[in-house]
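User: Hey, got a minute to walk through a structure with me? I'd like to poke around a bit before going back to the bench.
Analyst: Sure, put it up and ask away.

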Amino acid sequence: MRQTSDVDGLSVEGLVVKYGGLVAVDGQNLTAPRGRITGLIGPNGAGKTTTFNACTGMVKPAAGKVRLLGEDITGLAPHVRALKGMGRTFQRMELYDTLTVRENVVLGKEAGMAGGNPFRHLRATRSQTVQLRRVAAGAMEMCGISGLAARRPANLSTGQRRLVELARCIAGEYPLMLLDEPSSGLDGAETEEFGRILKSLVAERGVGILIVEHDMALVMSICDYIHVLDFGKPIFEGSPREVATSKLVRAAYLGSEADGMAKFENDEERARV
Amino acid sequence: MKDYIPYIIFGLTSGAIYGISAMGLVLTYKTAGVFNFAHGAVCAAAAYAFYDLRELQGLPWPVAAALAVLVFGALLGLILERMALVLANVSTAYKIVATVGLLVAIRSCIVLRYGAEALPFQPFLPQETAFRIEGVRVNYDNVIDLLLGIAAAVALFVFFRASRLGTAMRGVVDDAPLLDMTGQSPAAVRRSAWIIGSVFAAASGVLFASVQQQLDVNILTLLVVQAFGAAAVGLFRSLPLAFVGGLAVGLLQKLAGKEVASHAELQGIDTNMPFLVLLLVLLVARRQQLVEVGRHIKERAVPPSPFPAWVRTAGFAALTVFILLVPQIVGTKLAFWNVTATQVILFLSLGLLVRTSGQISLCHIGFAAIGAAGFGHMLQHDVPWGLAVLIGGAIVIPIGAIIALPAMRLPTLYLALATLGFNIMLAQYAFGKSYMFGFGRLDARRPDVWGMEDDKRYYYLLVTIAFLCLLLVLAVERSRLGRLLRAMSDSPTALTTSGMNVNVTRVMVFCISGFLAGISGALYASLFGSVNQDSFNYLDSLVVLAILAISGRRTITAALVAAFLYKGLPGYVDTIASALGDQDPVQVQTCLNILFGVLAIAAAALSQGQFQNWLSDRGTVWEERSSGPRELRYQTVVAARRAKRPRTETDRSDELVGAGSGGRHG
């Protein structure tokens, strides 16, 4: 086994998730170390989001272990996992639509400050307020949404909303971030911008990112390592190059998304020429 | 063993009736996604209808029973179905508000026509001995009740498994749009469910009145508590288990009744068995088993005030002046205004809970009673007056936490059920005990400084305390807790994944709300010199929720308006009554309660801004009519021109821009 229990990041070992009789994820192993972007791809219904939910504690696995920074977090409640350093975004964005963008981003950190302590729920101390302001400003700056701070997410475009959710996750200062299909609903330019932000995030802050994504061009351009799932089973893992040339992956992916890989190969060839 | 046989027989008899009622409740809940708190009120209405037809109109009982159960019950079912249809698109909190409003309205209608006192009810089933078990007589009516219950359960079970409509009902639970596509109308299916559910409720109401041999509007209305205790056994989903739960609750109740008869301290606990069963289920059930039926609707945020800032400032200034001048204006009615001032705190507390966190409490009057009791006991121990008030509030905090904790991890609905059960348990079990209101009554006085015996002076003290409570609520709303609460109403999931335990937040706000309710109860008690178990009408816990719902959603105005409607307006009921031509003031007050209930339903139905949308829709239609033809002509001309000439670069870029922005927004 390649996985060791003291991976500096997230490691999943032999994960099995069942919905009633259906085995949604069967024997998943993966690692997402810090300082890297790890991709998790697969056709619809392959169990990618379920893997995410098992990692963040929103579904209970039937078997397997989830470790974060070497610590076993399999049985912990979702909010405790976040406090241990794992943030996530959602495929269907979970934003606070009635609050401003700034409040949304601030809450990425402030919710963790409140945690499970009733007294910390009541009010922010002065030093916390200062810290929150700094963290939120940094996160918004990084995502290029400082100009939207006073707007409400309900009135923003999907691309902007994705950035707000990402900024909220960045504000949480997690060593590890799980991003669930961040580019769905984005156009080409927006997706490129998104990829650029993720790369600079990893370069500047050394966070680890585990990303579920359908946009192959994005996955191929930003990921350091890719896991491929099909029908709940891991079928392949390797570098973007290995994934792109794998017959097995091609077979599972016959359809529109294979185009992205073909395009990637073409680009590579063109670069070589 | 022989001693237990009569209790088992009675337990099974009433258990079968609870079972019938519970099946009706579960059926409507799981097909329509609206948990009907007025289910017991339907039972009561049918029982009274039966009484009316039989005793007052002189119809033979089979005819009266058929009319009350089959016709009247089905009619109520149709009305409920219309209501549920509207409520499908409002938040859970408002669904609860609406059915609670219906409960208040139906109960008040019954009181209006038949009075609040219990009426004798002639049992109509044969009372002769059918057979004996170990020498204990078993009457025909017991046997018939049990057989009816079993028959209803089996019939429902077979109907669900075998009939086409039964299958469709299961389909509507799983996926209504999909059912729609197969050619079965979900609306028609739901209508049948409501009719069956209401007929079951009506049948259980008539049978229960017959067993009790009396018509008591409160007992019948609260049959919903027995029903939800029984339904809890089936996790609010399973019909057969709901019936079994009914039998179990009935048996437990009677057997507990026998056991506690010899323990004075436990007396009254037997009637609360349904609540205890519910609490047990809430404690042991896994969260996944108690998901809420129906679509989850986010509550609409409170829209910004339509008035400019200076108008609002002027309004509040005028209001402040009025509040300060009240003792000079109202004359002999000042006592009512003093009570109103204490109730402002109650509504601030309830508003904080309902508005900022979307939770529902159906035990706020119970909390107020606890606060009053704590306050009274503190005074007995010579605690200074102000401290006693604070302790009265503080005592509610741990109690509120204990009630809320099991329900917190579950959806809003279960908190409402738990608090309603607690409210009733408090009234039926604890109110009579010495630790609540002493022996008979508990002294509660005003502070003995500054001549507070004078109502005018005391009024200003009360207003000051209410103002401080208002500041507390405003501070909570503006603090971190307020921000977390607003975020929670948008997306609890996001908060959880950002590292916050949302259950802690919910319990916090519930406890703060309980604290304020306790203070309001303590001050209320201080007005009268003493309190006893009749000082707090536990059913008012439902009325206050209805009143709050119709008082708007702004912190300050809602609390003031609601407090006036609840305790200020009754001071002027005799004026209204004489203005209406010498009506009975009590009847007028009952009519007001009907009005509150009905308006609460309307407020819930319009809670998502339906009225504003309807208005703006009408506006749009009107605009289209006036300007429509011209626009239409213009477009046609442009389209015709474009069709004639070849496509140009500008056309295509227009389209692209359109498609791009459309995609981004979609």
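**Strands, cores and cysteines**

Analyst: Let's start with a strand pair: strand β4 (residues 63-68) of chain A is joined to β5(A) by 2 bridges, and the two run antiparallel. Keep in mind that this is a predicted model.

User: OK. Which residue is the bridge partner of A:Arg67 in β5(A)?
Analyst: That's A:Asp72.

User: And what is the strand order of the open sheet of 4 strands in chain A?
Analyst: The order is β2-β1-β4-β5, with antiparallel pairing. The edge strands are β2 and β5 (71-72) of chain A, each pairing on one side only.

User: How many bridges join β1 and β2 of chain A?
Analyst: There are 9 bridges between β1 (residues 9-19) and β2 (residues 22-33) of chain A, and these strands are antiparallel. As an example, A:Val17 has A:Val25 in β2(A) as its bridge partner. The two strands form a hairpin with 2 residues between them, where A:Gly20 has a positive phi near 60°.

User: What about the hairpin of β2(B) and β3(B), how many residues sit between the strands?
Analyst: Again 2 residues, and B:Glu134 in that turn has a positive phi of about 50°. Strand β2 (residues 129-133) and strand β3 (residues 136-139) of chain B pair antiparallel over 4 bridges. B:Phe131 is matched with B:Val138 in β3(B).

User: Back to chain A as a whole. How many helices and strands does chain A have?
Analyst: Chain A has 10 helices and 10 strands. It has 273 residues, and 55% of them count as buried. Looking at contacts in chain A between residues at least 6 apart in sequence, 67% join residues at least 24 apart.

User: Switching to cores. Which residues touch the most other members of the largest nonpolar core?
Analyst: B:Phe37, B:Phe236 and B:Phe536, out of 222 residues in that core. Helix α22 (residues 502-526) of chain B gives the most to this core, with 16 residues. A second, separate core has 50 residues, including A:Cys143, A:Leu218, A:Val219 and A:Ala244.

User: What is B:Phe536 in contact with, leaving aside its neighbours within four places in sequence?
Analyst: Quite a list, among them B:Ile365, B:Phe431, B:Phe437, B:Tyr524 and B:Val531. There are alanines too, including B:Ala368 and B:Ala372.

User: Cysteines next. How many disulfides are there over all chains?
Analyst: The count comes to 0.

User: Why is there no bond from A:Cys223 to the closest cysteine sulfur?
Analyst: Because the closest cysteine sulfur, in A:Cys55, is 15 Å from the sulfur of A:Cys223, which is too far for a bond. A disulfide here would need the sulfur atoms within 2.5 Å. A:Cys223 is also buried, at 6% relative accessible area.

User: And B:Cys363, buried or exposed?
Analyst: B:Cys363 is buried, with a relative accessible area of 0%. The closest cysteine sulfur is in B:Cys511, 11 Å from that of B:Cys363, so that's too far for a bond as well.

User: Now helices. What span does α13 of chain B reach from its first C-alpha to its last?
Analyst: Helix α13 (residues 309-330) of chain B has 22 residues and reaches 30 Å, close to the 32 Å expected at 1.5 Å a residue.

User: Where does the kink in α13(B) lie?
Analyst: At B:Leu324, with an angle of about 50°, shortly before the proline B:Pro327. B:Pro327 is one of the buried residues of α13(B), along with B:Val326 and B:Val330. The buried residues of this helix pack against α14 (334-357) and α19 (455-478) of chain B. Just after α13(B), B:Gly331 takes a positive phi of about 65°.

User: One more pair of residues. B:Val217, buried or exposed?
Analyst: B:Val217 is buried, with a relative accessible area of 1%. It is found in helix α9 (residues 217-221) of chain B. Beyond neighbours within four places in sequence, B:Val217 has contacts that include B:Tyr48, B:Arg107 and B:Ile110. B:Val217 and B:Ala47 are 170 residues apart in sequence, and their C-alphas are 9.4 Å apart.

User: And A:Glu204, buried or exposed?
Analyst: A:Glu204 counts as exposed, since its relative accessibility is 60% and exposed means over 50%. A:Glu204 is in helix α6 (residues 188-205) of chain A. From A:Glu204 to A:Tyr225 is 21 residues in sequence and 19 Å in space, C-alpha to C-alpha.

How values were computed
Residues are numbered from 1 along each chain as its sequence is written. Chains are lettered from A and ligands numbered from 1 in the order in which they are written. This is a predicted model: local features need pLDDT of at least 70, side-chain atom pairs count only at pLDDT 80 or more; totals for chains, interfaces and linings use all residues. Side-chain values use heavy atoms; hydrogens and water are left out. The expected span of a helix is 1.5 Å times one less than its number of residues. The bend at a residue is the angle between axes fitted to the seven residues ending there and the seven starting there. Buried means under 20% relative accessible area, exposed over 50%, partly exposed in between (1.4 Å probe, protein chains only). Contact means heavy atoms within 4.5 Å. A nonpolar core is a set of buried Ala, Val, Leu, Ile, Met, Phe, Trp, Tyr and Cys residues joined through side-chain atoms within 4.5 Å. Two strands pair if DSSP finds at least two bridges between them.
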